[in-house]
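Reader: I would like to go through a few local features of this model, one at a time. Please give the idea behind each reading and then the case at hand.

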Amino acid sequence: MIRLTDEQMRDFIRNGYVAVKTGHPREFHQDIWNQTEALFEEDGNPGNNLMARIPAIRQILDDPAVDGALAGVLGNNYFIHPHRHCHYRPPHSEGQQIHRDSFTRRRHRTRWLLAMYYPQDTTVEMGPTGVLPGTHYYNWLVGPIGLNMRLDTTEGEVPVVVEAGTILMVHYDLWHRGMGNTTDKKRYMMKFMFARIEEPQEPSWDSEDGEWADDDDSALNGVWSQMWRWYSGAANNGAPSANGNGSIPELIANIKVDDETTCLASAYQLGSLGEAAIPALIDTLQHENEAVRRNASYALSTIGAAAVPSLLDASKDDNEGTRTMAVETLADLGFLGDEVMPTLQAALNDDSIEVRRHAVDALGISLQSSANGVPALIEALGDEDEFMRRGAALALSRIGEKSEEAVPALTHALNDENRYVRGKAVHALQRIGTQKAQDALVHFLLTSQWCYSTNKDSLY
């Protein structure tokens with residue numbers, strides 16, 4: 001594994017993306033391009049069957065530099081999501097609008113990642129991926145650090161020009177787009193999703209520096225330094241954040257202003273004040289504006305375990321928005337232990353589907369070292385809401401071998417109507433790893449085996 005360096009991790013924390021080059025020769029990537037071209041000509045876009053139709057792509061994801069980059073950002077035991085897609089930019093085609101993929105998760109701690117593979121050299125003219133650096137921290141208005149702008153602008157956009165064989169790792173919430181292709185050439189980009197399974201306990205990159213280096217005058221240095229602490233495992237090991245300073249009333253007022261840079265800097269400064277800021281932040285979870293509640297949530301996540309008792313109380317509030325943000329914050333805090341179990345179990349029966357979904361996430365993140373959440377997750381695997389079932393399967397993956405009790409339910413989930421429930425159930429069974437889990441997994445894989453060379457012209 002070729003691990004990321006401190007400087008690469010700093011770049012990712014600041015900008016929300018990092019590019020790595022695989023070690024395969026150009027001929028290897030040209031062959032993948034040729035297979036992709038033939039596949040599009042014969043059958044069209046293969047969608048989620050991309051890797052099944054072009055098995056050589058697996059070697060890209062297994063490349064030591066790619067493996068090391070994924071491990072650096074997501075931890076060593078990351079999960080490759082069953083969704084993948086080949087994005088095709090035809091010659092002389094217009095670009096996309098700036099966007100975030102699917103529904104945004106709006107959390108700064110990286111538990112979801114996009115990986116984009118380019119089998120050909122991609123110049124500015126060919127329609128590379130355009131990114132707005134640093135915008136993975138921004139919820140509503142987007143733009144370069146310190147500048148808010150309209151969603152339909154591309155000011156500050158960075159075209160990520162790459163050589164064939166490059167993988168671009170992108171924080172799930174980074175604003176980006178496929179740019180226009182003004183050439184006569186075809187441009188392919190293959191997108192994959194990855195998820196964090198284990199919370200950080202120590203740096204998972206080649207770390208030599210113990211602390212964040214404040215090397216500029218950015219207003220977001222406090223944000224970045226706290227993110228560095230989280231990636232390094234300090235936030236999950238009980239290490240206190242740096243002693244902050246500032247007026248709590250003034251900082252609370254600042255997380256309610258229109259300028260998001262001011263909001264973010266003030267939220268993390270509040271977090272660095274520790275327990276003294278908790279009462280005011282819990283009160284702010286009552287605010288009618290979701291953006292304000294979310295800024296308070298970032299501060300409470302930074303404070304860490306000291307905020308848990310107040311968050312447990314807030315998760316029972318009469319206001320749905322308050323309950324939702326309180327449970328979402330609990331899910332963001334990492335290892336919490338069994339003290340949160342009664343509250344999260346109650347939240348699984350909340351009237352709000354958003355509260356219930358966040359409660360499933362929290363069970364998988366907060367109780368990774370315990371089997372106590374498994375019965376509730378088994379029940380969630382049978383929920384009528386597909387996102388509850390998807391979340392429950394991923395949560396059981398995170399709990400791993402302590403989820404042995406869930407093997408029958410996960411085996412049943414292999415027949416779920418939703419492809420992503422099935423895919424996550426496969427991973428959960430692999431993580432559990434008992435003989436019973438492996439037998440169920442092998443049986444499923446044998447009966448669903450895919451032949452990549454079968455097509456309409458070659459059926460057998």
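Reader: Where is Glu 157 found?

Author: The model is predicted. Glu 157 sits in the loop that links β4 (129–131) to β5 (158–160).

Reader: Does one call Glu 157 buried or exposed, and why?

Author: Buried is the word for a residue under 20% relative accessible area. Glu 157 counts as buried because its relative accessibility is 17%.

Reader: Which side chain does the side chain of Glu 157 join in a polar contact?

Author: That of Arg 177, and the polar contact is 2.6 Å. Arg 177 also appears among the residues in contact with Glu 157 once neighbours within four places in sequence are left aside; the others are Ile 98, Gly 130, Val 131, Leu 132 and Met 179.

Reader: Now another loop residue. Where is Pro 46, and what does Pro 46 touch?

Author: Pro 46 belongs to the loop between α2 (26–42) and α3 (50–53). At 14% relative accessibility, Pro 46 counts as buried. Not counting residues up to four places away in sequence, Pro 46 touches Leu 39, Phe 40 and Arg 53. As for Gln 449, 403 residues apart from Pro 46 along the chain, the two C-alpha atoms are separated by 16 Å.

Reader: Next, helices. What span is expected for α12, and what does the model give?

Author: The expected span is 1.5 Å times one less than the number of residues. Helix α12 (residues 320–332) has 13 residues, for which 18 Å is expected, and the distance from its first C-alpha to its last is close to this, at 18 Å.

Reader: How many residues of α12 are buried?

Author: Twelve of the 13, so α12 is largely enclosed by the rest of the structure. Among them are Arg 323, Glu 328 and Asp 332, along with Met 325, Val 327 and Leu 330. The buried residues of α12 pack against α10 (290–303), α11 (308–314), α13 (341–347) and α14 (353–366).

Reader: What is found at the ends of α12?

Author: At the N-terminal end, Asn 319 acts as a cap, with a side-chain oxygen 2.8 Å from the backbone nitrogen of Gly 321. After the helix comes Gly 334, with a positive phi near 90 degrees.

Reader: How do the ends and the covering of α18 read?

Author: At its start, a side-chain oxygen of Asn 418 reaches to within 2.8 Å of the backbone nitrogen of Tyr 420. Just after α18, Gly 433 has a positive phi of about 75 degrees. In between, α18 is mostly covered, with ten of its 14 residues buried. Lys 424 and His 427 are among the buried residues. The covering elements include β2 (79–89), β3 (112–118), α16 (386–399), α17 (407–413) and α19 (435–447).

Reader: How should one describe the packing of α18 and α19?

Author: Two packed helices are described by the angle between their axes and the distance between the axes. For α18 and α19 the angle is about 145 degrees and the axes are 8 Å apart. The crossing of α18 past α19 is left-handed.

Reader: Which residues meet there, and of what class?

Author: From α18 come Val 426, Leu 429, Gln 430 and Ile 432; from α19, Ala 437, Ala 440, Leu 441 and Phe 444. By class, the contact has seven nonpolar residues, one polar and no charged.

How values were computed
Residues numbered from 1 in each chain as written. Predicted model: local features only at pLDDT ≥ 70, side-chain atom pairs only at ≥ 80, totals over all residues. Heavy atoms only, no water. Buried < 20%, exposed > 50% of the residue type's maximum accessible area, 1.4 Å probe, protein only. Helix = DSSP H or I, 4+ residues; strand = E, 2+ residues; numbered from the N terminus. Contact = heavy atoms within 4.5 Å. Polar contact = N/O pair within 3.5 Å; in protein donor to acceptor, adjacent residues only side chain to side chain. Axes fitted to C-alpha atoms, helices over the stretch in contact; angles between N-to-C directions. Left-handed = near helix turned anticlockwise from the far one by under 90°. Nonpolar A, V, L, I, M, F, W, Y, C, P; charged D, E, K, R; others polar.
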